[in-house]
Every structure is written in C-alpha cells, then in structure tokens.
Amino acid sequence: MPPPEIRARLRKADGLTQAEVAEVFGVTRAAFNRWEVGAARPRRRHLEAYVRLLNGWAQKHPQAAQTLAPSTPAGG
C-alpha cells in the first residue's frame, strides 16, 4: 500500500472526498480517514478492494502516485 500522503493525493486527483469513498465502502468518513492516514488498516473484506482502488488511481493519475523528491537548496 502506498504511503498515506500518496493515498490522499490519489483520491484527490480523482476528485473524490473522503466521505464519498467511505460511502462506497460502507464505512464512516472517520474510519476511512484512519485508513488514509495510516492510523488503521481496513478489515480484510475492505483491504483488497482499497488496494485495487489505489492501484487503479495510480494508473489513472501516475503523477499523483509519485513521491516528491526532496528539494535542493538554492545555490547548493
């Protein structure tokens, strides 16, 4: 599973809110938020579907799936 910041970026790249995705999974927005920030893992019945969703978003929005490279200080 991608790191939390990538999970959020992928969801936002697809134009969805946490509440919208939570509704599809049949969980509360708070529960989905915990998945997205890495505070909790989805239960088995949701984990595979969430991973498939993240992979689909990553294919659809490859730029959002990339980790950001650390910036180089000016003149460095």
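Trainee: Which residue with a positive phi follows α3?
Mentor: Welcome, and keep in mind that this is a predicted model. Helix α3 spans 29–37. What comes after α3 has a positive phi, near 85 degrees, and that residue is Gly 38.

Trainee: What is the phi of Gly 26, just after α2?
Mentor: Helix α2 covers residues 18–25. Gly 26 comes just after α2, and its phi is positive, at about 75 degrees.

Trainee: Let me step back for a moment. What pattern does the protein chain follow along the sequence?
Mentor: The secondary structure comes to five helices and zero strands. Reading the protein chain along its sequence therefore gives the pattern α-α-α-α-α.

Trainee: What percentage of the contacts with a separation of 6 or more is between residues 24 or more positions apart?
Mentor: For background, the protein chain has 76 residues, and 28% of them are buried. Among its contacts with a separation of 6 or more, the share that joins residues 24 or more positions apart is 59%.

Trainee: Which residues of α3 are buried?
Mentor: Here, buried means under 20% relative accessible area. In α3 that description fits Ala 31, Phe 32, Trp 35 and Glu 36. Seen down the axis, these buried residues of α3 fall within an arc of 140 degrees, so they line one face of the helix. What they pack against is α1, α2 and α4. 

Trainee: And α2, which of its residues are exposed on the face turned away from its buried side?
Mentor: Start with the buried residues of α2, which are Gln 18, Val 21, Ala 22 and Phe 25. They cover an arc of only 100 degrees around the axis, so they sit on the same side of α2. This buried set packs against α1, α3 and α4. Turned away from the buried side of α2 is a face that carries the exposed residues Glu 23 and Val 24.

Trainee: How are α1 and α3 placed to each other, roughly parallel or oblique?
Mentor: The two helices pack at an angle of about 125 degrees, with their axes 7 Å apart. Angles over 145 degrees would count as roughly antiparallel, and 65 to 115 as roughly perpendicular. The angle of about 125 degrees falls in neither range, so α1 and α3 are oblique.

Trainee: How many charged residues does the contact of α1 with α3 have?
Mentor: α1 and α3 pack with their axes 7 Å apart. The α1 side of the contact is made by Pro 4, Arg 7, Ala 8 and Arg 11, and the α3 side by Phe 32, Trp 35, Glu 36 and Val 37. By class, this contact of α1 with α3 has five nonpolar residues, no polar ones, and a number of charged residues equal to three.

Trainee: What about α1 and α4, is their crossing left-handed or right-handed?
Mentor: Helix α1 (residues 4–13) packs with helix α4 (residues 44–60) at an angle of about 65 degrees, their axes being 9 Å apart. The two are therefore roughly perpendicular. Their contact is made by Arg 7, Leu 10 and Arg 11 of α1 and by Tyr 50, Leu 54, Trp 57 and Ala 58 of α4. As for the crossing of α1 and α4, it is left-handed.

Trainee: Is Arg 11 buried or exposed?
Mentor: Arg 11 lies in helix α1. Leaving aside neighbours within four places in sequence, Arg 11 is in contact with Leu 16, Thr 17, Gln 18, Val 21, Phe 32, Glu 36 and Trp 57. Its relative accessible area is 6%, and under 20% is the cut-off, so Arg 11 is buried.

Trainee: How far apart are the C-alpha atoms of Arg 29 and Gln 18?
Mentor: Arg 29 is found in helix α3, and at 44% relative accessibility Arg 29 counts as partly exposed. Beyond neighbours within four places in sequence, Arg 29 is in contact with Gln 18, Ala 19 and Ala 22. Arg 29 and Gln 18 are 11 residues apart along the chain, and their C-alpha atoms are separated by 5.9 Å.

Trainee: One more, please. Which residue is 50 residues apart in sequence from Val 51 and 6.4 Å apart in space?
Mentor: Val 51 has its place in helix α4, and at 28% relative accessibility Val 51 counts as partly exposed. The residue 50 residues apart from Val 51 in sequence, and 6.4 Å apart from C-alpha to C-alpha, is Met 1.

Key: Residues numbered from 1 in each chain as written. Predicted model: local features only at pLDDT ≥ 70, side-chain atom pairs only at ≥ 80, totals over all residues. Heavy atoms only, no water. Axes fitted to C-alpha atoms, helices over the stretch in contact; angles between N-to-C directions. Helix = DSSP H or I, 4+ residues; strand = E, 2+ residues; numbered from the N terminus. Parallel < 35°, antiparallel > 145°, perpendicular 65-115°, else oblique. Left-handed = near helix turned anticlockwise from the far one by under 90°. Contact = heavy atoms within 4.5 Å. Buried < 20%, exposed > 50% of the residue type's maximum accessible area, 1.4 Å probe, protein only. Arc of directions from axis to C-beta. Nonpolar A, V, L, I, M, F, W, Y, C, P; charged D, E, K, R; others polar.
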